[in-house]
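User: Hi! I'm new to this one and would love a friendly walk through it. Could you put it up so we can chat?

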Amino acid sequence: LLPQGYSQGSGVIMSGDGYIITNAHVIAGSFQVDVSLADGRQFPAKLVGRDEATDLAVLKVEGSGLPTAVFGDSDLMEVGDTVVAIGNPMGEELRGTMTDGILSAIDRDMEVEGDWMTLLQTTAALNTGNSGGALVNDKGQVIGITNMKLVDRSFDGATIEGLGFAIPTATVKPVVDALIAQGYVSGRPTLGVTVRGLYPQEMEQFRVDHGLLVIQLEPGSDAAGKLETGDILLSANGTALSTSDDLLAIRDGLEAGDTIALEIQRDGEVLQTEIAVMERYQLDEALS
């Protein structure tokens, strides 16, 4: 439930003692979560953990002998395989709806709110409320957790049909295991800063021949206290920066607690500073 109302989504029961998989965005901003089963039973749920980067969350209800899904291996699927999506399109009134289709792509890289995800693409119809539901193969095994569909925002938000996506079980399993074990997924270094390369006219304006423009800083990050939007990052740990991949390559070689020495240009002045690398889950917790 949300302070301004409520939101509905879908979920997949993974164990008889009440562990349930859904999407992180389904429960985002909620202060209370209730689970309704197909047989009409309702349970209050507790959040075990969520992972924004993969849009996965695990809930726990107090129950026993609950009906559980059988999980398959998404790595064994091929383009053209028959699949069905099961969920609650448009909410509880249509719960348990099944739609059929095929896998139209296996490794589709999609950017979702700043995070890149490798997803299964399907023609099975998905609608609001399907998020967190099951994508099932022809053996009745869950091979994905549905999480999004494409919308054409160029023409009054009209829906594009036949372009739905699901998180493959190859991604789901290690994330869910980590969430159950420790409540978060570790090993994801982040700086909390969003940058882009400079346009030619900007290089001329700032009188530089390389650099990255700081366009966003995440509250709670070390960068938020030391950088400002509009700063130009010239180098990191002595390496000149021209593309965001240059900075990511340096970040990915570090661990939480390490620091990156930055040379920056601000208002025409060149400055030196250091920012600490953080774990992604720590920053997500700071923002929640």
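User: Thanks! What should the 14 residues of helix H2 span at 1.5 Å a residue, and how far apart are its end C-alpha atoms?

Analyst: Helix H2 covers residues 169–182 and should span 20 Å, and its end C-alpha atoms are 20 Å apart, so the two agree. The expected span is 1.5 Å times one less than the number of residues. Before we go on: this is a predicted model, where local features need pLDDT of at least 70 and side-chain atom pairs count only at pLDDT 80 or more, while totals for chains, interfaces and linings use all residues. Residues are numbered from 1 along each chain as its sequence is written, and side-chain values use heavy atoms, with hydrogens and water left out.

User: Good to know. Which residues of H2 are buried?

Analyst: Those are Thr169, Val172, Val175, Val176, Ala178 and Leu179. Buried means under 20% relative accessible area, exposed means over 50%, and partly exposed is in between, using a 1.4 Å probe and protein chains only.

User: And what follows H2?

Analyst: Gly183 does, and its phi is positive, near 85°.

User: Zooming out, how many helices and strands are there?

Analyst: The protein has five helices and 19 strands. These are DSSP runs numbered from the N terminus: helices are H or I with at least four residues, strands are E with at least two. Taken along the principal axes, the C-alpha atoms fill a box of roughly 65 × 40 × 40 Å.

User: How much of the protein is buried?

Analyst: Of its 288 residues, 42% are buried. About 15,000 Å² is exposed, with carbon and sulfur atoms supplying 49% of that; these areas come from the Shrake-Rupley method with a 1.4 Å probe, and for residues only the protein chains shown count as cover.

User: Switching to charges: how many positive and negative side chains are there?

Analyst: There are 17 positive and 43 negative ones, and the centres of the two sets lie 5 Å apart. Lys and Arg count as positive, Asp and Glu as negative, and His and the chain ends are not counted. Each charge is placed at NZ of Lys, CZ of Arg, CG of Asp or CD of Glu.

User: How many salt bridges does the structure hold?

Analyst: Twelve. A salt bridge here is a side-chain nitrogen of Lys or Arg within 4 Å of a carboxyl oxygen of Asp or Glu. One of them joins Arg41 and Asp39 at 2.9 Å, N to O. Another pairs Glu202 with Arg196, at 2.9 Å, N to O.

User: Is Glu202 buried or exposed?

Analyst: Glu202 counts as buried because its relative accessibility is 12%, while Arg196, at 23%, counts as partly exposed.

User: Which side chain does Asp231 meet in a salt bridge?

Analyst: Arg266, at 2.8 Å, N to O. Asp231 lies in the loop between strands E14 (212–217) and E15 (232–236) and Arg266 in strand E17 (residues 259–266), so the pair ties together parts 35 residues apart in sequence. Salt bridges that share partners also join Glu228, Asp231 and Arg266 into one network. Asp231 is buried, with a relative accessible area of 1%.

User: Last topic: which residue between E17 and strand E18 has a positive phi although it is not a glycine?

Analyst: That's Asp267, with a phi of about 55°, in the loop between E17 and E18 (269–276). Asp267 counts as exposed because its relative accessibility is 79%. Arg207 also has a positive phi, near 60°, and it sits in the loop between helix H3 (200–206) and E14. With a relative accessible area of 78%, Arg207 is exposed.
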